[in-house]
Amino acid sequence: MYHKFDALVIGGGGAGLSAAIKLVGKGNVAVISKLYPSRSHTGAAQGGICAALGNTEEDHWEWHMFDTVKGGDYLTDQDAAEVLAKEAIDAIYELEHMGLPFNRTPDGKLDQRRFGGHTRNYGEGPVRRACYSADRTGHMILQTLYQQGIKNNVTFFNEFHLMDVIISNGRCVGVTAIDIKTGELHTFHSKATILATGGYGRVWKVTSNAHACTGDGMTSAYRAGIPLMDMEMYQFHPTGLYRIGILLSEAARGEGGILRNAEGERFCERYAPTLKDLAPRDMVSRFISQEIREGRGAGPDKDYVYLHVDHLGKEVIDAKLPDITDFARTYLKVEPYKEGVPIQPTAHYAMGGVPTNVNGEVIMDEKGTVMPGLYAAGEVACVSVHGANRLGTNSLVDLVVFGRRAGSQAAEYIKTTDFESLPANHDASSKDLISWVNAGTGQSRTENAANIRKELQVEMQQNVQVVRDEKGMSHAMSKIAELKERYQKVKIQDVSSKFNTERLETLELGSLIELAEATTKSALERKESRGAHYREDMLNRDDVNFLAHTLAYRSDDGGVSRLAYKPVVITRFQPKERKY
Amino acid sequence: MQVTVKILRFDPEKDKKAHFETYELEADPLDRVLDVMNSIKWYKDGTLTFRRSCAHGVCGSDAMRINGRNRLACKVLVQDLGKKIQLEPMLGFKIIKDLVVDMEPFFDKYKSIKPYLINYEEAPSAERVQSPEEHELFDETTKCILCGACSGSCPPYWSNSEFIGPAAIVNAHRFIFDSRDQGSDERLGVLSEGEGVWRCRTVFNCTDACPRDIPVTKVIEQIKRVMLYNRK
């Protein structure tokens, strides 16, 4: 089926909905989403959304900007960090005006709490900057934005799976997508297309990410010739529920929760004397990793540490951390009122992704050349506002601030541009891919997709994680090569058209494999340690050679063909050693 | 442990009516029911179809009837159920395929109560002021994830496809009790119609079904009281 819209938004999470709302009244707009929008992974965000409102203590956007840059280990583009910190303030008031039920101070203003890496006066100590709705801030942002979508009669195509981004004459002219309910391939012809498809945490075995987080948007841009930026910068959140990876918000530590090893020691203060448990995530994950490697982990396999909130009292826990304590009870049968909760770092967030400028326009090279008609915002994108390590809450700030910007920029673009015609055979590659999956009932197709996915996740968990080295990453590269071969022979049982989720999962696996490869290759070639990319064989940060963004380009046969490096934008803050 | 999982199956391209299929497999007592379903799909029967995403009870994709009660498959552990597990699609919804049901009528009812803040005044330059006590009045109903478990557990909802259902009422409550909102009259108008709040028979199934622990029946009673006595 053929559809024509001035603007398309791919993804119904926080970034996509923020963009769509800015396009209301500016042309005909559609949101295409793999899930019902209210199911998007924005809803799993818990702890808060930062802005220097100064409601409970002195704060300034310059401090927020500085923390974001330092938190990103100076790989953050400072023009983007400035936009983020300044516009966060207006973005939060806008959300409140839309009805978002933030927690309040006694005088009725938005309450704010502490969060990792957010400091007063350029690093002196923790500051209360995170606005929040108990520990379901992401849920409230998602619901509120979806409500605005309904209010404004936005057109939704729910349960449509993105296949390809269509490029014609150097311009993005739309996408193809499968209607999951019918199995039919649709063409969406557009002037502007905004990718807001989220992350790819399902590459790892232990992850906080939803099953749906398979990086479809990143892969479709990558396949269309757009490089992926800083893919080696992947965040492991320190506190995932042991073994299953479900997120326990940093808000637990913001409210006074502490980490202890098997000996009961509050180990963070040994590593980060000023911020202690509220040091940035890359560091706390490394502290945990080191405790475990040095034999101070808990449990029979000495492979986890404890998150304690029991000293905060029932009242604080119930009022401010109800969901995460419920997770501990439900999934580990642990009572957080009384005991520590077993945790381990969990694959959480892609700092890297589809490169954009501060207006959400997708760029194609190290010079910043714009791909007309294509935009990206939220986790799929790399502005780069998070650099080598994202601070807590800045993902929600990012998706609202840059979602709005991408929407506004696209609104300008569609005003002054005409439709470019679709290229001949615009859906040929999508059709080929679907036919290839459907042929998976054939005798030569012997590989089980779940086995391939599991082996990929185990390999990445083992060798491309919190601490890395050349040997492990090289091993991962050869394993990925093997899995790519085997994926060519992947089988399926379900040949039906309607709601064929086996076909969908098989397509998603193809995306995971490509993104794992881009991640590992980018990591191997970054011969230094910076932020979340910590190499045991190269411990130092190397600003001479690697104060630069990695761009990974795809070859036609599906591998990484080459890497290029794009300079970091530095305005106010010169790189310094990062201490907390 | 060994578990026996009986699942109501329906393939719209093949089946005239739904039928049960049974699977035997190994499961860890701490596995979620969703993990067991994934094991069946990935290693035994690729045609098994269900919705899932977050896998920890916040996205609302996998509401279904589990041993007769509406639950999220990702929020029930095998050890909570024992060796016999029965999975069926929620009642009161049209089956699309296996455990996947048509959510469109459900979302249409949600939309009918105008689920967005209505405020006719110009917004201030900073936040609208609201006390913690005012916030508390609607805090519970902001937790709704639109999974449908409450509506699908409601006998009046099963027997009357026009009934607006508990989920829509919960979301109306979220705004009616919000001090910043000025759309109560419009919403109460919808809820006072024939298929509105008075179809509720106070069965309490919705309260039992809610995976977010929203006191759904109590909330519905609060709405009835607003209508009768104009009292919040």
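In this predicted model, Ala134(A) sits in the loop that runs between β5 (125–131) and α4 of chain A. Its backbone is a bit of an oddity: phi of Ala134(A) is near 40 degrees, a positive value in a residue that isn't glycine. For context, most residues other than glycine have a negative phi. Ala134(A) also counts as buried, because 25 other C-beta atoms lie within 10 Å, and the cut-off for that label is 20 or more.

Lys276(A) tells a similar kind of story. This lysine lies in the loop between α7 (268–271) and α8 (281–293) of chain A, and phi of Lys276(A) is near 50 degrees, again a positive value in a non-glycine residue. With 20 other C-beta atoms within 10 Å, Lys276(A) is buried too, since 20 or more is what it takes.

A further backbone feature turns up at Ser384(A), in the loop between β18 (381–382) and α11 (394–416) of chain A. Here the peptide bond from Val383(A) to Ser384(A) is cis, with omega near 0 degrees. Most peptide bonds, by contrast, are trans.

Then there's the place where the two chains meet. The contact draws 43 residues from chain A and 41 residues from chain B. On the chain A side, the elements giving two or more residues are α3 (78–97), α4 (137–151), α10 (322–332) and α15 (501–525). Of these, α4(A) chips in the most, with six residues. Sorted by class, the side of chain A that touches chain B has 17 nonpolar, 16 polar and ten charged residues. So α4 of chain A comes up twice: this helix follows the loop that holds Ala134(A), and α4(A) gives the most to the side touching chain B.

How values were computed: Residues numbered from 1 in each chain as written. Chains lettered and ligands numbered in written order. Predicted model: local features only at pLDDT ≥ 70, side-chain atom pairs only at ≥ 80, totals over all residues. Contact = placed C-beta atoms within 7 Å. Helix = DSSP H or I, 4+ residues; strand = E, 2+ residues; numbered from the N terminus. Nonpolar A, V, L, I, M, F, W, Y, C, P; charged D, E, K, R; others polar. Buried ≥ 20, exposed ≤ 12 C-beta atoms within 10 Å, placed from the backbone.
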